Amino acid sequence: MRGNRRVRLALILAVGALCLFMLSMAPVLMIGSFPSFTGGELPDCNDRAQSVSDESQTATSDIPAEYLRQYRAAAKKIGVQWNVLAGIGKRETDHGRSTLPGVSSGTNYAGAAGPMQFLISTWGGKAKIKIPSTFNGYASDGDGDGWADVYNPADAILGAAKMIKHNGAPENVRRSLFVYNRAWWYVDQVMEIAERYAKDGAVSVPPQADELCDEPLLAAAPSGTVSGIMEYALAQRGKPYLWGGTGPDAFDCSGIIYMAYRSVGLTIPRTTFGQWPFGIKVPAGQEQAGDLVFFNAGPGTAADRPGHVGMVVSPGKMVEARCRLCGPIKVTTYRDRTGIVGFTRPLANPQILEQLRLKELG
């Protein structure tokens with residue numbers, strides 16, 4: 001019996017030692033789960049990305065080859081999901097095979113025309129428009145013949161890609177479809193078709209559009225202040241661009257950053273031209289979450305007077321309100337973008353440091 005007691009005592013001591021070891025390692029393990037704390041790369045949730053690069057048998061048997069080629073070409077050019085475009089084309093006109101009025105000529109009872117069923121007013125005011133020309137609409141020249149013809153599949157599909165991009169795709173696909181045809185039953189039908197057309201049965205979205213990716217981004221922020229700034233900016237995704245906008249419903253590029261800093265009680269300049277000289281310059285490659293990345297873009301701008309700005313949320317990624325026709329506020333990559341002027345850190349400005357000091361005292 002005494003021997004058994006000794007064995008049990010030894011086991012208890014061993015388990016206790018193991019528990020103490022695990023407790024002592026907990027902070028290390030917690031830090032390790034967010035590598036940016038230790039100088040590593042921040043996870044970007046790429047494992048959440050869904051691929052729909054392959055068509056299902058349903059897609060290849062149902063979609064005419066030329067239409068499938070155009071769906072893919074327009075999706076790649078504009079940056080939306082090909083199977084969503086195909087879902088629209090199927091729901092609207094069975095990929096141009098419908099013989100109803102307005103598909104190959106004229107308009108239907110609602111005034112829609114072409115294989116993707118654009119209202120003529122939404123297309124640009126006329127069914128066929130010479131390109132280039134000045135018009136207000138989605139008229140597009142998909143086949144390069146110099147004309148934007150609403151009845152031409154290549155033109156119509158490219159126009160549809162631009163329209164859903166402007167209204168939320170590829171991140172908020174359902175919103176973009178609702179704007180295309182304002183009925184949720186329509187959205188459900190197109191999404192169901194799009195899923196059937198993908199080999200894996202999915203409508204892919206960029207990984208940064210998944211809100212589950214926000215948690216590691218915020219947890220890896222350099223400070224609680226930066227986390228608060230990022231949380232506000234990320235919460236504005238899906239809202240439209242509006243020149244001069246500072247919310248709550250729409251923002252311009254510098255407006256969302258200005259309000260994100262205000263959300264944590266900090267005041268920085270309102271405009272891009274004011275924000276550029278305000279922050280302390282940061283060498284490329286040393287930027288971190290909360291820093292700003294500036295671009296030589298827009299009228300009246302230059303290399304020393306950048307006209308566009310985004311907020312870094314992780315290495316290579318930023319949240320931005322880009323332009324009226326660029327789609328809603330979203331997280332995008334800046335590593336493959338041209339015209340980068342430089343990076344700045346507003347939190348290192350002496351005025352901000354003083355504001356932080358007073359906040360701590362208060």
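# Salt bridges, a helix and two cores: worked exercises

Both K330 and E171 are buried. Keep that pair in mind as you work through the exercises; the model is a predicted one.

**Exercise 1. Work out what joins K330 to E171, and which parts of the chain the pair links.**

Step 1. Start with the side chains: K330 and E171 form a salt bridge, at 3.4 Å from N to O. That fits inside the 4 Å cut-off for such a pair.

Step 2. Now place the two partners. K330 sits in strand β9 (residues 330-333), while E171 is in the loop between α6 (153-166) and α7 (173-180). They are 159 residues apart, so the bridge links distant parts of the chain.

Step 3. Check the surroundings. Both residues count as buried, and that label calls for under 20% relative accessible area.

**Exercise 2. Set the R174 and D188 pair beside the E354 and R357 pair: where does each one sit, and are the partners buried or partly exposed?**

Step 1. Take R174 and D188 and look at their side chains, which meet in a salt bridge of 2.8 Å, N to O. R174 belongs to helix α7 and D188 to helix α8 (residues 184-197), so this bridge ties together parts 14 residues apart in sequence.

Step 2. Look at accessibility. R174 is partly exposed at 33%, and D188 is partly exposed too, at 40%.

Step 3. Move on to E354 and R357, whose salt bridge is 2.7 Å, N to O. These two are three residues apart in helix α13 (residues 350-361), so about one helical turn separates them.

Step 4. Accessibility again: E354 has 34% relative accessible area and is partly exposed, and R357, at 40%, is also partly exposed.

**Exercise 3. Find how many salt bridges the structure holds, and which residues are linked with D62 in a network.**

Step 1. The count for the structure is 13 salt bridges.

Step 2. The network takes in D62, K90, D94 and R97. As for the backbone, D94 comes just after α4 and has a positive phi of about 55°.

**Exercise 4. Decide whether helix α4 is largely enclosed or largely open, and say what covers its buried residues.**

Step 1. Get the geometry first. Helix α4 (residues 82-93) has twelve residues and spans 17 Å from first C-alpha to last, close to the expected 16 Å.

Step 2. Count the burial: nine of the twelve residues are buried, so the rest of the structure largely encloses α4. Those buried residues are W82, N83, V84, L85, A86, G87, I88, G89 and T93.

Step 3. Look for the cover. It includes α2 (57-62), α3 (65-78), α6, α7 and α8.

**Exercise 5. Describe the largest nonpolar core, then see what M116 touches.**

Step 1. The largest core has 44 residues, and I63, L85, M116, F118 and Y180 have the most contacts inside it. Elements giving two or more residues to this core are α3, α4, α5 (120-123), α6, α7 and α8.

Step 2. Setting aside neighbours within four places in sequence, M116 contacts Y71, L85, I88, G89, E92, A156, I157, A160 and Y180.

Step 3. Don't stop there: apart from this core lies another, of 34 residues, among them L234, C253, I256 and A289.

**Exercise 6. Zoom out: what share of the chain counts as buried, and how many helices and strands does it have?**

Step 1. Of the 362 residues, 45% count as buried.

Step 2. The chain has 13 helices and ten strands.

Technical notes
Residues numbered from 1 in each chain as written. Predicted model: local features only at pLDDT ≥ 70, side-chain atom pairs only at ≥ 80, totals over all residues. Heavy atoms only, no water. Helix = DSSP H or I, 4+ residues; strand = E, 2+ residues; numbered from the N terminus. Buried < 20%, exposed > 50% of the residue type's maximum accessible area, 1.4 Å probe, protein only. Expected span 1.5 Å × (residues − 1). Contact = heavy atoms within 4.5 Å. Core = buried A, V, L, I, M, F, W, Y, C linked by side-chain atoms within 4.5 Å.
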